[in-house]
Amino acid sequence: GVRIVRACAGHHNSLLVDADGGVHACGMAWRGQLGLGDEISRHVPIRVSALSSERVVGTALSSRALAVTSEGHAYSWGGVSAALGLGHSELVAGHSMLNERVVGV
């Protein structure tokens, strides 16, 4: 099985990070908070394939989701992009890399 080393929970969803830095998501996804490219809620954790080439070291979750990689890249998804730090207020269905590099978590 998959060994989970970190978990964070929002009001209606959860993000799990496995030992290899993969992200898994479950819960409600009405604005794409699971990062699976759709708005289908999942009761069982599903690996977020859009981040499969990254090693995630930290996550945060509320009405939007954030992931930070070992290289200092920050990704955000779910909800409107103004809340995601993207500088506009359109709904974003996929993952967006933020322009700033994260130097510490």
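**Strands, a core and two salt bridges**

The chain contains one helix and eight strands. This is a predicted model, and everything below is read from it. Going along from the N terminus, the elements come in the order β-β-β-β-β-β-β-α-β, so the helix sits between the last two strands in that DSSP-based numbering. The chain has 105 residues, and 37% of them are buried. Its accessible surface adds up to about 5800 Å², with carbon and sulfur atoms accounting for 52% of that. As for how the chain folds back on itself, take the contacts between residues at least 6 apart in sequence: 30% of these join residues at least 24 apart.

A good place to start is the inside. The largest nonpolar core has 15 residues, and those touching the most other members are Leu15, Val23, Leu51, Val56 and Trp77. Several strands contribute to this core: β2 (13-18), β3 (23-27), β5 (56-61), β6 (65-69) and β7 (74-77) each put in at least two residues. Leu15 gives a feel for how these pieces meet. Setting aside residues up to four places away in sequence, Leu15 touches Arg6, Ala7 and Cys8, then Val23, His24 and Ala25, and further along Thr59, Ala60, Leu61, Ala65, Leu66 and Trp77. Two of those partners, Val23 and Trp77, are also among the core residues that touch the most other members.

Strand β3 deserves a closer look. How many of its residues are buried? The count is five of five, which makes β3 a mostly covered strand. The cover is found on both faces: Val23, Ala25 and Gly27 are buried on one side, while His24 and Cys26 are buried on the other. For Cys26, the relative accessible area is 15%, and because the cut-off for buried is under 20%, Cys26 falls on the buried side of it. Cys8 is another buried cysteine, with a relative accessible area of 17%. No cysteines are tied together here, though, as the structure holds zero disulfides.

β3 also has strand partners. With β2 it runs antiparallel, and five bridges join the two. One pairing to look for is Leu16, whose bridge partner in β3 is His24. The hairpin made by β2 and β3 has four residues between the strands, and in it Gly21 takes a positive phi near 85 degrees. β3 is joined to strand β4 (residues 42-47) as well, by three bridges, and this pair is again antiparallel. Here His24 turns up once more: its bridge partner in β4 is Arg47. His24 is thus bridged to Leu16 and also to Arg47.

Arg47 leads on to the charged residues. Side chains of opposite charge can pair when their charged atoms come close. The structure holds two salt bridges. In one of them, Asp18 pairs with Arg47, and the closest N and O atoms are 3.5 Å apart. This pair links distant parts of the chain, with Asp18 in strand β2 and Arg47 in strand β4, 29 residues apart. Are the two ends buried or exposed? Asp18 counts as buried because its relative accessibility is 6%, whereas Arg47, at 36%, counts as partly exposed. The other salt bridge brings together the side chains of Asp38 and Arg42, at 3.0 Å from N to O. In this pair Asp38 is partly exposed at 25% relative accessibility, and Arg42 is partly exposed too, at 21%.

Two more residues fill in the picture around β5 and β6. Thr69 belongs to strand β6 and is buried, its relative accessible area being just 3%. What surrounds Thr69, apart from neighbours within four places in sequence? Its contacts are Glu54, Arg55, Val56, Val57 and Tyr75. One of these, Val56, is also one of the core residues that touch the most other members. Ser63, by contrast, lies in the loop between β5 and β6, and its relative accessible area of 38% makes it partly exposed. Although Ser63 and Asn13 are 50 residues apart along the chain, their C-alpha atoms are separated by 9.0 Å.

Definitions and conventions
Residues are numbered from 1 along each chain as its sequence is written. This is a predicted model: local features need pLDDT of at least 70, side-chain atom pairs count only at pLDDT 80 or more; totals for chains, interfaces and linings use all residues. Side-chain values use heavy atoms; hydrogens and water are left out. A nonpolar core is a set of buried Ala, Val, Leu, Ile, Met, Phe, Trp, Tyr and Cys residues joined through side-chain atoms within 4.5 Å. Buried means under 20% relative accessible area, exposed over 50%, partly exposed in between (1.4 Å probe, protein chains only). Contact means heavy atoms within 4.5 Å. Two strands pair if DSSP finds at least two bridges between them. A disulfide is a pair of cysteine sulfur atoms within 2.5 Å. Accessible areas come from the Shrake-Rupley method with a 1.4 Å probe; for residues, only the protein chains shown count as cover. A salt bridge is a side-chain nitrogen of Lys or Arg within 4 Å of a carboxyl oxygen of Asp or Glu.
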